[in-house]
Amino acid sequence: MTFGANAPGGDWTAGESNLSGLIRRVAAGDEAAFAALYRATSGRLNGVVARILPAKDMAAEALQDAYVRIWQRAGDFDPAKGSPLGWMATIARNRALDEARRVRPVSLEDLPQNFEPEADTVDPLAAREKSEGLAALIACLEALDEEKRAILMLAYYRGASREALAKRFGRPVPTIKTWLHRSLTQLRMCLGS
Amino acid sequence: MTPDDDLAAAEYALGTLSPAERAVIAARRLREPDLDAAIRGWELRLQPLVEAAPPIEPADDFWPAIQARIRAAAPAAAETAPTPESLIADWRRRASRWRLAAIAASCLAALLAVGLAVRETQRPAGPREYVAILQKDAASPAFEVTVDLDRQEFSVRPVAVAARPGKSYELWIIDPRLGPPRSLGVIDEARRRASLAAYDRTVVEDATYAVTVEPPGGSPDGKPSGPPVFVGKLIPVGP
């Protein structure tokens with residue numbers, strides 16, 4: 001079996017074209033391919049979900065839901081529009097965010113068990129290996145103030161709500177909203193899209 | 001699309017919208033291709049960040065649970081513009097698969113019971129799974145409500161529903177035995193399951209389910225603010 005070419009700008013893991021091939025087989029209802037896809041990606045997707053959902057049972061359900069959706073929607077995956085892991089992670093992240101927003105705003109103090117707050121702060125700037133896409137994004141994030149960058153990262157990786165961010169940074173919620181809008185607009189201009 | 005819409009799309013992708021705002025954008029994107037494309041654009045812009053997040057291995061029992069669920073679900077169900085008939089047919093298909101699984105499980109249970117002098121407990125008679133397609137007319141399904149009588153739970157999901165910027169959709173259960181309509185909550189994209197334990201089984205089975213358009217976050221006084229825009233009744237699909 002031959003696999004398709006890597007997605008443009010997405011060559012950050014050796015298994016990427018392999019993942020695309022697996023997703024194509026999953027779209028055809030291949031359960032063995034789905035099992036292989038799960039083995040290859042479940043740690044990554046769980047990393048995304050577990051940081052957003054502090055409660056283990058909620059995280060478990062969100063991750064399982066995400067994989068059921070991936071199984072159902074594998075035919076929608078378009079390698080021309082982003083990496084396979086990015087596509088899967090977006091499904092998982094949206095599912096986790098829906099769950100987080102459904103119940104209550106995620107509190108930054110309410111960390112999952114086994115998480116050291118400091119150890120868990122993901123810093124993309126410290127990533128050793130970077131795809132072209134991540135390198136470009138990091139260059140733009142570096143142009144933001146440190147505080148505004150931290151706000152974006154806590155929102156992205158921890159699913160922090162505006163309220164949680166306001167509390168954490170000691171600013172009113174409308175200020176956080178304005179900062180988010182400015183940062184996102186600046187990011188968009190910087191990325192040139 | 002206004003610049004405000006693009007910022008809403010950005011915040012939707014980032015995840016910082018309030019629950020009510022998120023529900024409104026989730027409903028609007030179903031009918032507004034520009035907004036949907038803007039959200040996808042932002043998801044793609046932010047997506048490389050995932051690379052930097054270290055993996056956390058999930059528990060071992062996740063995979064069997066996922067496997068069981070994909071085997072129970074209809075394969076590659078078409079998500080685009082389903083008709084009420086296709087939705088119901090789809091549910092019947094799934095139901096028949098559950099029935100097969102239930103037969104297999106009871107065969108296994110019977111084998112295990114041999115020599116153990118265990119008296120088999122029968123499940124109560126009658127269907128356990130119901131679905132209602134809430135619609136304005138036969139050609140326009142808007143929401144799908146499913147009810148699991150064993151768990152006394154319902155779930156609701158939008159099928160194809162017109163955008164109502166700045167409004168929320170709210171689900172109601174209506175039955176003469178209950179008096180005025182009772183709210184089952186605001187429908188947002190995330191809402192999947194909620195309890196029906198407060199209602200009698202017969203009421204749940206016979207009731208009319210209706211959706212009204214309400215201010216963001218739902219009716220302020222616990223009563224429908226206007227006439228239902230989508231209605232439906234349950235039909236049995238499960239064993």
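Q: Before we start on chain B, what counts as a helix or a strand here?
A: Helices are DSSP runs of H or I with at least four residues, and strands are runs of E with at least two; bear in mind as we go that this is a predicted model.

Q: OK, so how many helices and strands does chain B have?
A: Chain B has 6 helices and 9 strands, and 33% of its 239 residues count as buried.

Q: And where do chains A and B touch, say, how many residues does each one give?
A: Chain A brings 48 residues to the contact and chain B brings 38. On the side of chain A that touches chain B, the elements giving two or more residues include α2 (31-52), α3 (56-73) and α9 (173-191) of chain A.

Q: What kinds of residues are on that side of chain A?
A: The side of chain A that touches chain B is made up of 23 nonpolar, 17 polar and 8 charged residues.

Q: Let's look at α9(A), then: which of its residues are buried?
A: The buried residues of α9(A) are A:Ile176, A:Trp179, A:Leu180, A:Ser183, A:Leu184 and A:Leu187.

Q: Why are they on the same side of α9(A)?
A: They lie on the same side because they cover an arc of only 125 degrees around the axis of α9(A).

Q: What do they pack against?
A: The buried residues of α9(A) pack against α6, α7 and α8 (162-169) of chain A, together with α1 (3-14) of chain B.

Q: And which exposed residues are on the face turned away?
A: That face of α9(A), turned away from the buried side, carries the exposed residues A:Pro174, A:Thr178 and A:Met189.

Notes:
Residues numbered from 1 in each chain as written. Chains lettered and ligands numbered in written order. Predicted model: local features only at pLDDT ≥ 70, side-chain atom pairs only at ≥ 80, totals over all residues. Buried ≥ 20, exposed ≤ 12 C-beta atoms within 10 Å, placed from the backbone. Contact = placed C-beta atoms within 7 Å. Nonpolar A, V, L, I, M, F, W, Y, C, P; charged D, E, K, R; others polar. Arc of directions from axis to C-beta.
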